[in-house]
Structures are given as C-alpha cells and as structure tokens.
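Colleague: Please take a close look at how the side chains pair with one another in this model. I should like the account to begin with a single charged residue and to work from there towards the interior.

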Amino acid sequence: MDFDYAQSNGSLEFSKDTVFLDTIFSRIGSSTYTLKVYNRTTNDISIPNIGLKNGGSSKYRLNVDGEAGKEFKDIPLFAKDSLYIFVETTYDFGNSDAMEFLYTDAIQFDKENHLQEVQLVTLVKDAIFYFPKKSVNGQRETIVLDVNETGKEIIVEGFELNANQLLFTKDKPHVIYGYASVPEGKTLTIEEGARVHFHKNSGVLIKKNASIHISGKLSQDKELLENEVIFEGNRLEPSYSDIPGQWGSIWISKGSINNKIEYLTIKNATVGILVQGDNTVAETTLTIKNSQIYNSENINLWAKTAVLQSENLVLGGAGNISLYCNQGGEYSFIHATIANYWKYGFRSNAALQIDNSVNIEGNSYDLVKADFKNCIIYGSNPNELNLSKAPDRTFNFNFENCLLKFTNNTEDGLYNFSDTYLYKNTLLNLDPIFLSPTKNNFMIKENSSAIGTGNQDAADLVPLDILGTDRTKNPTIGAYEVIYTK
C-alpha cells in the first residue's frame, strides 16, 4: 500500500530539548537514554534527515525506529504519532591530561530553514583502570579466590596487583575489573578521599600475610564526603545509585593480618566485606572504625572465625544479614548501628546473626567473645537478633546498654533478657526513630529512646561519633550522637 507523506517543515516537537547522559568513565559505555519525537500535525510526514551534528566522528550512537547508526534518511512519522530515538555514548580520553571533560553534540532533524536540534551532553571522567590480562586466545587471566568447604577451588577472573599499583590516591578514580589481589607480604594502601569503583563480579582479594589499609578521614561536607574513601560500582548514572549487587566484595582471606579501615563507605556490593580467620592468628584480623556498609545484595559484613574490633560502624540494609559473626571468632563492637530496613523484597534473616554452628565439614568453633556496647540492633523484621550455639562449644556474648529488637516469645536461654550477664541495661523493642532508615540514614531524631542511655565508660573509649560530634556527656546509643536543632 502506498502512502503520501508531506515533507517535515520544522514543526517537530520533542520530549526534551537536551538529553543529559549523566556522568560516565572514559572507555565505559553509558546507559541508553530516550528521546521522543512528536508529530502533532494532522498530516503524515517524512523527516528527510536525522543525524548527529558531528557526523561519523561523533562519539554518540543512535537507534532510530529500531535501526542503529549515526545518520538516517526519509524517516516516516504518522499524524499525531511519535518516534523513539535511543542515545548512547562511549568516550576515550586517550592521552589527555584532563581529569574530566564535558562532551557535547546534537541530534539534527532536517536542514537549512527547517533545521531543528536536540542537544546531547555527557560529563566524562578519566580514571585509572585495573583489569586481568587477556591471553592470545582471548581468555582472561584468573585467580583462586578461595577453596570452598568441599575442597573445590573458587576461580574468578582476576590478577595480582604489582608494586606500582599498591597505593590508591584521590587524584583520579580507580576502576577495577575482576578481582584485584594483594600479594602475600604486601599492603594495599588507600588514601583519604580516594574513590574506588568496581565492575560486575569484581572486588579486592587480600591474601594470606597481606593487608589492606584504608585511611579515610572525617569530611566537612556531608554530601561530597571529600575525605572519606568510597567503594561502589562503576556505573555513575543516578539510576544506579542504589541498586544492590553491582559488584563483588572486599575479601580478606585466612591468614591476612593487620587490616585497618577508617572512614570507608561501601555500597551496592554483593557482600560488603568478607573477613576470614583461621583460629591460628591471635592478632586482630580487622579493625574498622567510622565506616558504613549498606545496600549489599547478601551480607554487609561477614566475619568467619575472625578477630575483629569496631568503633562507630553503621551497617544498613542488606538482602540477607547486615552483620554475620559466623563460625565463632572474637568480636568487639562499640557504638555500632546495625539496622536492616531492606526494601527490595522479602528478607528471612535477622539484622545480626551470631553462630558457632557445625559447618559442612562437621567442624564447629568457639565463640571466644562477641561484645556489643552502646549498639543499636534494629530493623523492619520482628526479630533482628539470631543466636545459634553449637553443642559443647564456648559461646560467649554480651550486650551492654544496647537497643535490641526481638519480639519472639521463646524459652531459649540465649534470649533471656533478664540475665544481666548476657544483657545489661537493655532497651528492648523501643523504636530508635532514625531519620530515614529505608534510605540508610540512621541519624537519631530528637525524641529517640537511644538518647542519653549509653554507658559512659564505653562512650569515653570512643569520645566522638561517626560525624565527629562529642559524646562524652549523656551519650546516645549507636554510631550517631543526637544533634539538637533549634
């Protein structure tokens, strides 16, 4: 059937006059963005030309009516109908010294007197990239991440950091593909203000006798967090800002020693930090202070038979468990906020789970201690504490001046909240009244039960909260001291 089309006369309308493709890294493709073109007239029209202003050299890519390209001829558009155009871009900084670059172009419709344009704008950031090498047959380099409980090696795409790659500064963002492994006997140092981004299924592996030192500092700007270290995925578009499971984990292997983390934010991982002990190292496996982990697809902080010390730690929403102290170990948490308000679906487990139970090999482990002082353990489930003791094993735990959520009526002695040896000065099932818990903002409102109920001796060990606020008088439970507004 033949149709008669009138020529476009510059009367097209658009869903937007500028398409902002948000921020991307050099050499990493953007998301796909949509522009809608409208023919508001009562005539079927033909658009003689749709193309990019910079022509074939443009770094933008178009898809018009299902066809990919950079220039399109004689595109029909029925009366009162619309047309979708999809836009993507990838930009390579090359040898430029610039840190970031505003890349622009335009989609042009028709020409000369009837020319119409829609602007395209993308902010491109340069970065330092780390990735496994490719062999001559195209296979990526791999490493052994771990050995599972059946003795099978867990092999992933990854590589070993060389001596020149063991210092991450804030000069440029760092983008990791695969697992970056810290060699035995070496330390990966990450300085204040550094930004580390991970591709899908990527992370950092700290091997036996290796260490990671993250030396963030308190920021003055609570939005920019200019001095803190941030670990997140490598998609910078706002639509990815709170999608869980974008990358793997910080994996601290058995035998890794002297790991120190301060002022670190981890978000959108699968497991934020997995720290493994081996029952042979008496030294502290990990010391973590003034840090946040949230929006992990599975677990925020998973410690297995580890020795871990923590101050001012915030563990927010996670798809499974926020803090998992697994297979025994030795743990100390002072002024932690462990609060799981997972909003992406059903969550079966508690915010805090502690066990020394039998594993697949039939082994169980002593829980030497799990001390919680001035901590909040709360969330959206009825019970946010789960304790599981193996027979004939030590299971030492203690909650002092903690706010707990546990509504189950049980005769299990592990949950005897009147036992002051296990639970001293406990606040049970009192809403801490967080500022915005589903958005992982666990600052305390002025009418919270957590205010002024902390143990003073414990507070004096950590005299400033995670935001640098003094807590040496009338301390608030959790990582945040209440700030009164006038």
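Modeller: E160 has a relative accessibility of 45% in this predicted model. The residue is therefore classed as partly exposed, because that class lies between the 20% limit for buried and the 50% limit for exposed. K207, at 27%, belongs to the partly exposed class as well. The two residues form a salt bridge, in which the closest N and O atoms are 3.5 Å apart. E160 is part of strand 14 (residues 153-160), while K207 lies in the loop between strand 20 (203-206) and strand 21 (211-215), so the salt bridge ties together parts that are 47 residues apart in sequence.

In general, side chains of opposite charge can pair when their charged atoms come close. The structure holds 13 salt bridges, and two others deserve description.

E100 and K125 form one of them, with 3.0 Å between the closest N and O atoms. This pair joins distant parts of the chain: E100 is in strand 10 (residues 100-109) and K125 is in strand 11 (residues 116-125), a separation of 25 residues. E100 is partly exposed at 42% relative accessibility, and K125 is also partly exposed, at 26%.

K343 and D242 form another salt bridge, and here the closest N and O atoms are 4.0 Å apart. This pair again links distant parts, 101 residues apart: K343 lies in the loop between strand 30 (337-340) and strand 31 (352-355), and D242 in the loop between strand 22 (229-233) and strand 23 (247-252). The relative accessible area is 44% for K343, which counts as partly exposed, and 35% for D242, which is likewise partly exposed.

A charged side chain can also be placed against a ring in this model: R40 lies over the face of Y38, at 4.1 Å from the ring centre.

Rings also pair with each other, and the structure holds 24 aromatic pairs. One of these is formed by Y91 and Y103; the pair is tilted, with 5.0 Å from centre to centre and 45° between the planes. Y91 sits in the loop between strand 9 (81-89) and strand 10, and Y103 in strand 10 itself, twelve residues away, so that this pair too links distant parts of the chain. Y91 is buried at 16% relative accessibility, and Y103 is buried at 9%. F397 and F399 make an edge-to-face pair, with 6.0 Å between the centres and 65° between the planes. Both residues are buried: F397 has a relative accessible area of 3%, and F399 has 0%. The two rings belong to a cluster linked by ring pairs, which also includes F333, F372, F395, F406, Y415, F417 and Y423.

F399 leads from the rings to the interior. In soluble globular proteins, nonpolar side chains tend to be buried together. The largest nonpolar core of this model has 65 residues, and F399 is among those with the most contacts inside it, together with F231, I273 and F372. Strand 28 (residues 299-315) supplies the largest share of this core, six residues. Neighbours within four places in sequence aside, F399 is in contact with L352, I354, F372, I377, L385, L404, L422, Y423, K424 and T426. Apart from the largest core lies another, of 28 residues, whose members include L12, V19, Y33 and V124.

Y33 leads on to a sheet. Its bridge partner in strand 9 is V87. Strand 4 (residues 33-39) runs antiparallel to strand 9, and seven bridges join the two. They belong to an open sheet of five strands, which has the order 2-4-9-6-7 and antiparallel pairing. Strand 2 (13-14) and strand 7 (67-69) are the edge strands, each pairing on one side only.

One further position may serve for orientation. K170 is found in the loop between strand 15 (167-168) and strand 16 (174-176). Residues up to four places away in sequence aside, K170 touches E192, G193 and A194. F395, a member of the ring cluster, is 225 residues from K170 along the chain, and 43 Å separates their C-alpha atoms.

Definitions and conventions: Residues are numbered from 1 along each chain as its sequence is written. This is a predicted model: local features need pLDDT of at least 70, side-chain atom pairs count only at pLDDT 80 or more; totals for chains, interfaces and linings use all residues. Side-chain values use heavy atoms; hydrogens and water are left out. A salt bridge is a side-chain nitrogen of Lys or Arg within 4 Å of a carboxyl oxygen of Asp or Glu. Helices (H or I, at least four residues) and strands (E, at least two) are DSSP runs, numbered from the N terminus. Buried means under 20% relative accessible area, exposed over 50%, partly exposed in between (1.4 Å probe, protein chains only). Rings of Phe, Tyr and Trp (its six-membered ring) pair if their centres lie within 6.5 Å; planes under 30 degrees apart count as stacked, over 60 as edge-to-face and the rest as tilted. A charge sits over a ring if NZ of Lys or CZ of Arg is within 6 Å of the ring centre and within 35 degrees of the ring normal. A nonpolar core is a set of buried Ala, Val, Leu, Ile, Met, Phe, Trp, Tyr and Cys residues joined through side-chain atoms within 4.5 Å. Contact means heavy atoms within 4.5 Å. Two strands pair if DSSP finds at least two bridges between them.
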